[in-house]
Amino acid sequence: MRILVAGATGAVGRLLVPLLLDAGHHVTGTSRTLAGTERISRQGASAAEADASDRDGLRKVVMEAAPDMVIHQLTALSNADGEATDRLRTDGTRNLVDAARSAGVTRIVAQSLAWAYVPGEDPAEENTPLDVGAAPPRGAMVDGIRALEETAAELDTAVLLRFGIMYGPGTWYAPGGSVAAALAGDPTARFLGYLEPDLSVTSFVHVADVARAAVAALDWPTGPVNIVDDEPAQGREWVPVLAAAHGLPAPEARPGRLSWARGASNRLARSRGWRPEHATWRSGFAAQTA
């Protein structure tokens with residue numbers, strides 16, 4: 001299959017491209033920079049310099065790649081730029097889907113989020129509504145996710161992978177990353193997330209398991225699928241484990257809970273054959289710092 005990976009040099013994309021090549025696919029990866037395209041080429045894929053905000057330029061790249069499928073991995077998260085990422089989810093997705101349609105593509109796998117659901121007590125299933133109308137700044141993130149998913153769904157088949165909080169190489173939670181810096185007390189650490197040891201519930205997923213899910217999703221039916229590990233957990237459980245994995249003292253547990261922080265269920269993904277190799281953050285956090 002001919003596959004175009006938009007955003008092929010991010011934390012997921014850099015792991016995904018080799019997996020697709022190993023599976024026998026012809027891969028074209030896009031990056032906004034020359035250094036990014038050189039990295040893609042070194043992996044053995046075709047590379048194209050493209051900016052998702054450049055509607056005409058992106059269309060030209062997609063038309064020339066002539067893919068059978070598009071995989072959407074566009075973010076601006078390396079700099080913890082939430083506003084830029086929201087624009088990519090709205091305008092960038094619009095440009096990518098329109099370019100795909102012009103090239104005759106009818107299938108897309110897109111990166112979404114598993115913490116955009118309405119408040120609740122139990123881990124969210126895929127039929128749980130999104131938290132539309134949430135107060136800022138959360139509201140802008142949810143609106144971006146809704147726009148991404150609705151735009152992607154204009155194609156005949158849109159598999160919407162709702163990822164949990166990613167950890168592992170290239171993420172904020174990796175050794176030396178911004179989360180470790182924040183746990184160590186660095187007030188300048190930049191990341192988008194919630195790091196309180198309270199009763200709020202989070203679902204994690206290792207970035208390598210996310211890449212494997214994107215490959216598995218190539219032949220999944222349309223619709224959203226939560227891609228999370230097996231153990232949603234309260235902050236008072238996982239924050240001390242993460243701190244210990246980085247050799248830092250455990251912060252004191254606190255009361256309180258964000259009502260929307262409920263975690264998510266991976267039951268649907270498991271029913272389709274996906275299994276997280278890092279089944280729980282408990283061992284996963286330690287493994288990434290070993």
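**View 1. Strands β6 and β10 pair in the parallel sense.** Five bridges link the two strands in this predicted model. One pairing to look for sets L160 opposite P224 in β10. β10 covers residues 223-227 and β6 covers 157-163.

**View 2. Strand β6 also pairs with β5.** These two strands run parallel as well, joined by seven bridges. Here L113 stands opposite F163 of β6. With α5, the two strands form a β-α-β unit, and this unit is right-handed. β5 spans 107-113, and α5 spans 138-152.

**View 3. Strand β6 is largely enclosed by the rest of the structure.** How many of the seven residues of β6 are buried? Seven of the seven are, so the strand is largely enclosed. Its side chains point two ways. T157, V159, L161 and F163 point one way. A158, L160 and R162 point the other way, and every one of these residues is buried.

**View 4. The largest nonpolar core holds 31 residues.** Which members touch the most others? They are V5, L20, I71, L161, W220 and I227. Two or more residues each come from β1 (2-6), α1 (13-22), β4, β6, α7 (207-216) and β10. The biggest share comes from α7, which gives five residues. In soluble globular proteins, nonpolar side chains tend to be buried together.

**View 5. V5 and its contacts.** Leaving aside residues up to four places away in sequence, V5 touches L16, L20, V27 and T28 among others. Its contacts also include G29, T30, I71 and Q73. Two of these partners, L20 and I71, are listed with V5 among the core members that touch the most others.

**View 6. A second core is separate from the largest one.** This core has 26 residues. Among them are V70, A76, V105 and L160. L160 is also the β6 residue opposite P224.

**View 7. A cis peptide bond joins P136 and P137.** Omega is about 0° at this bond. Where is P137? P137 lies in the loop between β5 and α5. Most peptide bonds are trans.

**View 8. A66 has a positive phi.** The angle is about 50°, although A66 is not a glycine. Most residues other than glycine have a negative phi. A66 is found in the loop between α3 (55-65) and β4 (69-72). Is A66 buried or partly exposed? Its relative accessible area is 39%, so A66 is partly exposed.

Notes
Residues numbered from 1 in each chain as written. Predicted model: local features only at pLDDT ≥ 70, side-chain atom pairs only at ≥ 80, totals over all residues. Heavy atoms only, no water. Helix = DSSP H or I, 4+ residues; strand = E, 2+ residues; numbered from the N terminus. Buried < 20%, exposed > 50% of the residue type's maximum accessible area, 1.4 Å probe, protein only. Core = buried A, V, L, I, M, F, W, Y, C linked by side-chain atoms within 4.5 Å. Contact = heavy atoms within 4.5 Å. Pairing = 2+ DSSP bridges. Right-handed = clockwise from strand over helix to strand, strands pointing away.
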